[in-house]
Amino acid sequence: MDCVAAALRGLTATALFGVFGAGAFLVSPVMLLLRRPERAQPVVRTLWRVMAGLFVVTRLIRVDRGNLGAPCGAVLVANHPTLIDVVLLVALVPRTLYVAKHALKGNPFLAAIVRATALPDDARLPDVAAPYLRAGWNVLVFPEGTRSPRTGGLQPLRRGAAQLALRADAPVVCVRETLSRRILAKGQRPWDMGTRRVVFSFRASAPLRPSADAASRHVAAVRLTDAIRARIAP
């Protein structure tokens with residue numbers, strides 16, 4: 001029976017990813033017209049809320065949002081154990097933009113969405129993201145820069161999220177994500193969904209409010225990154 005359940009869940013997941021890819025492709029012309037993140041994000045959030053809902057309705061996953069509220073003008077930092085946590089977090093938290101790897105702009109299904117709604121994963125990030133933070137948008141950053149190790153723990157953290165928070169004088173909300181079973185991890189087959197519904201749990205810490213003068217900004221970024229690691233480590 002377990003083999004049958006795993007096969008059915010795998011087929012369901014494969015079908016949903018097909019729907020997701022088709023939806024992303026169909027919405028691409030809209031993204032090309034909207035272009036700017038603040039215009040395109042509501043469309044993408046609606047699409048991703050539908051996608052998240054389909055994963056829940058088909059009993060592939062259950063989402064426990066815990067104390068994840070609706071921050072305003074915060075740098076959201078989270079561990080990155082699975083491919084779809086960006087979809088879930090953008091779906092759950094209003095007015096949230098995200099940082100994406102440059103390589104995703106070459107994905108034929110996601111390129112238009114990423115170009116329209118993602119912020120750059122490079123040295124330009126503070127200059128590009130700071131105006132959005134000041135206007136009340138949240139910016140989601142995965143400081144590992146890639147998915148967490150499948151065996152647990154975290155990859156080495158980059159200091160981009162801390163530097164962004166310091167430059168923009170924005171609070172940092174750390175979100176620890178845990179899964180009852182690892183799915184869609186780095187190197188894991190997308191149809192490997194196990195035999196039971198996977199529970200996604202999100203826990204947010206109290207906002208960190210960093211501050212530093214120009215002379216100590218590097219030191220402040222190092223310390224803030226250490227604080228982030230302590231809060232998002234699974």
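## A tour from Ser201 into the sheet

Start by selecting Ser201, which touches Asp64, Arg176, Glu177 and Thr178 when residues up to four places away in sequence are left out. Bear in mind as you go that this is a predicted model. Ser201 sits in strand β7, residues 198–204. Is Ser201 buried or exposed? Its relative accessibility is 15%, so Ser201 counts as buried, the cut-off being under 20%.

Next, show the strands as a cartoon. Seven of them make an open sheet with mixed pairing, and the order to trace across it is β1-β7-β6-β2-β5-β3-β4. At the edges you will find β1 (61–64) and β4 (118–120), each of which pairs on one side only. Look along the sheet and follow its twist, which averages 30° from one strand to the next.

Now select β2, residues 75–78. Which strands flank β2 in the sheet order? They are β6 and β5, and each deserves a stop.

- On the β6 side, choose residues 172–179: β2 and β6 pair in the parallel sense over four bridges. Here Val77 stands opposite Cys174.
- On the β5 side, choose residues 138–141: three bridges join this strand to β2, and the two run parallel. In β5, Val141 is the bridge partner of Val77.

If you turn on hydrogen bonds, recall that strands of a sheet pair through backbone hydrogen bonds, either parallel or antiparallel.

Stay with β2 and display its side chains. Val75 and Val77 point one way, while Leu76 and Ala78 point the other way. In a regular strand the side chains alternate between the two faces of the sheet. What about burial in β2? Val75, Leu76, Val77 and Ala78 are all buried.

Then bring up helix α5, residues 125–134, which lies across β2, β3 (96–100), β4 and β5. To check its direction, compare the helix with β4: α5 runs at about 140° to that strand.

For the last stop, move to helix α1, residues 2–34, and pick out Leu8. Leu8 has a relative accessible area of 51%, so it counts as exposed, the threshold being over 50%. Add Val4 and Leu11 to the selection and switch on the surface: together with Leu8 they make a nonpolar surface patch of about 300 Å². Set this view beside the opening one, where Ser201 counts as buried, whereas Leu8 is exposed.

Conventions. Residues numbered from 1 in each chain as written. Predicted model: local features only at pLDDT ≥ 70, side-chain atom pairs only at ≥ 80, totals over all residues. Heavy atoms only, no water. Pairing = 2+ DSSP bridges. Axes fitted to C-alpha atoms, helices over the stretch in contact; angles between N-to-C directions. Contact = heavy atoms within 4.5 Å. Patch = residues over 30% accessible without salt bridge, like charges linked within 9 Å, V, L, I, M, F, W, Y side chains within 5 Å. Areas by Shrake-Rupley, 256 points an atom, 1.4 Å probe, with all protein chains shown as cover. Salt bridge = Lys/Arg side-chain N within 4 Å of Asp/Glu carboxyl O. Buried < 20%, exposed > 50% of the residue type's maximum accessible area, 1.4 Å probe, protein only.
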